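Subject: Structure handover

Hello,

Here is the structure I said I would pass on. My notes on a strand pair and on the two ligand sites follow below it.

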Amino acid sequence: MSKVCVFDHPLIQHKLSILRDERTSVKEFRELVSEIAMLMCYEATRDLPLEEVDVQTPVAVARCRRISGKKMAIVPILRAGLGMVDGMMRMVPSCKVGHVGLFRDPETKEPVKYYYKMPADITERDVIVVDPMLATGGSASAAIQFLKDDGVKHIKLMSIIGAPEGVARMQKDHPDVDIFVAALDDHLNENAYIVPGLGDAGDRIFGTK
Ligand code: PRP
Ligand code: URA
């Protein structure tokens, strides 16, 4: 069974409270999504392997530790996942970015694929899939299945808000994929929106409503 990590760090919780607020502007919303992703990235990469290196300081040789050449890729689920990329790239500037375009069919709530483009060496990389909202879990599960079909072995999922239904779906479809969220909310409403959630993440990031 996959691990579900809920971030209870005060900085993340504070920023999330502003993110949820319906009065928060598009500009501030976008900045907060990026900042929360940056803080979450710090914890989600905690298990990156390190190797020892000697570094000559102006005073002496220091035994230091560096990330041992592990390659990473971030895969945002379009559109809303794009809002998390910039913050993560600030933490891991050498990572590559793949894109999966999915939207939820308003009637069936099932994900519809419209774009898929990965770095050529994606199978050699550890992948973090990012999407602010894990609602029914249909989009995340489908995106992760595309990556597995391509041969990707090590995948994590990072969302800002998760619903219990989405977590259950992910654990059923992908028990090998650890899940990182800043909050686990109560339930989904009749439109499969997360309650209390924050509304439509894509619309709030891009100002389309
Ligand atoms: C939202 C969100 C997720 C998906 C989550 O995207 O960004 O991708 O819904 O719902 P699910 O867990 O039930 O699949 P949406 O379909 O609204 O597209 P958008 O990002 O282009 O706005
Ligand atoms: N997608 C969103 O953007 N918000 C939700 O609450 C559910 C799906």
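Glu51 has Arg66, a residue of strand E3, as its bridge partner. This pair belongs to the antiparallel arrangement of E2 (residues 50–56) and E3 (residues 61–67), which are joined by seven bridges. The connection from E2 to E3 is a hairpin of four residues. Please keep in mind that this is a predicted model, here and in what follows.

Next, ligand 1. Its shell holds 15 residues, and those that come nearest are Arg104, Asp131, Thr136, Gly137 and Ser139. Three elements each supply at least two residues of that shell: strand E6 (99–104), strand E9 (133–134) and helix H4 (138–149). Sorted by class, the shell around ligand 1 consists of six nonpolar, five polar and four charged residues.

Which contacts does ligand 1 make through its oxygen atoms? One oxygen atom of ligand 1 is 2.4 Å from a polar side-chain atom of Asp131. Thr136 also places a polar side-chain atom by an oxygen atom of ligand 1, at 2.5 Å. With Ala135 it is the backbone that takes part: a polar backbone atom there is 2.9 Å from an oxygen atom of ligand 1. The protein buries 91% of the 500 Å² that ligand 1 exposes when taken alone. Ligand 1 sits in the largest pocket.

The space taken by ligand 2 is likewise the largest pocket. Around ligand 2 are Arg104, Met133, Ala135, Ala192, Tyr193, Ile194, Gly199, Asp200 and Ala201. Arg104 is thus listed for ligand 2 and is also among the residues that come nearest to ligand 1. Ala135 is in the shell of ligand 2 as well, besides its backbone contact with ligand 1. By class, the residues around ligand 2 divide into six nonpolar, one polar and two charged.

Which parts of the protein lie 2.8 Å from ligand 2? For Ile194, a polar backbone atom is 2.8 Å from an oxygen atom of ligand 2. For Gly199, a polar backbone atom is 2.8 Å from a nitrogen atom of the ligand. For Ala201, a backbone N or O atom is 2.8 Å from an oxygen atom of ligand 2. On its own, ligand 2 has 230 Å² of accessible area, and the protein covers 89% of this.

Regards

Conventions. Residues numbered from 1 in each chain as written. Chains lettered and ligands numbered in written order. Predicted model: local features only at pLDDT ≥ 70, side-chain atom pairs only at ≥ 80, totals over all residues. Heavy atoms only, no water. Near = heavy atom within 4 Å. Polar contact = N/O pair within 3.5 Å; in protein donor to acceptor, adjacent residues only side chain to side chain. Areas by Shrake-Rupley, 256 points an atom, 1.4 Å probe, with all protein chains shown as cover. 1 Å grid on protein atoms, 1.4 Å probe; cavity = no way out; pocket = protein on both sides within 12 Å on 5 of 7 lines; lining within 4 Å. Sits in = over half its atoms within 2 Å of the grid points. Nonpolar A, V, L, I, M, F, W, Y, C, P; charged D, E, K, R; others polar. Pairing = 2+ DSSP bridges.
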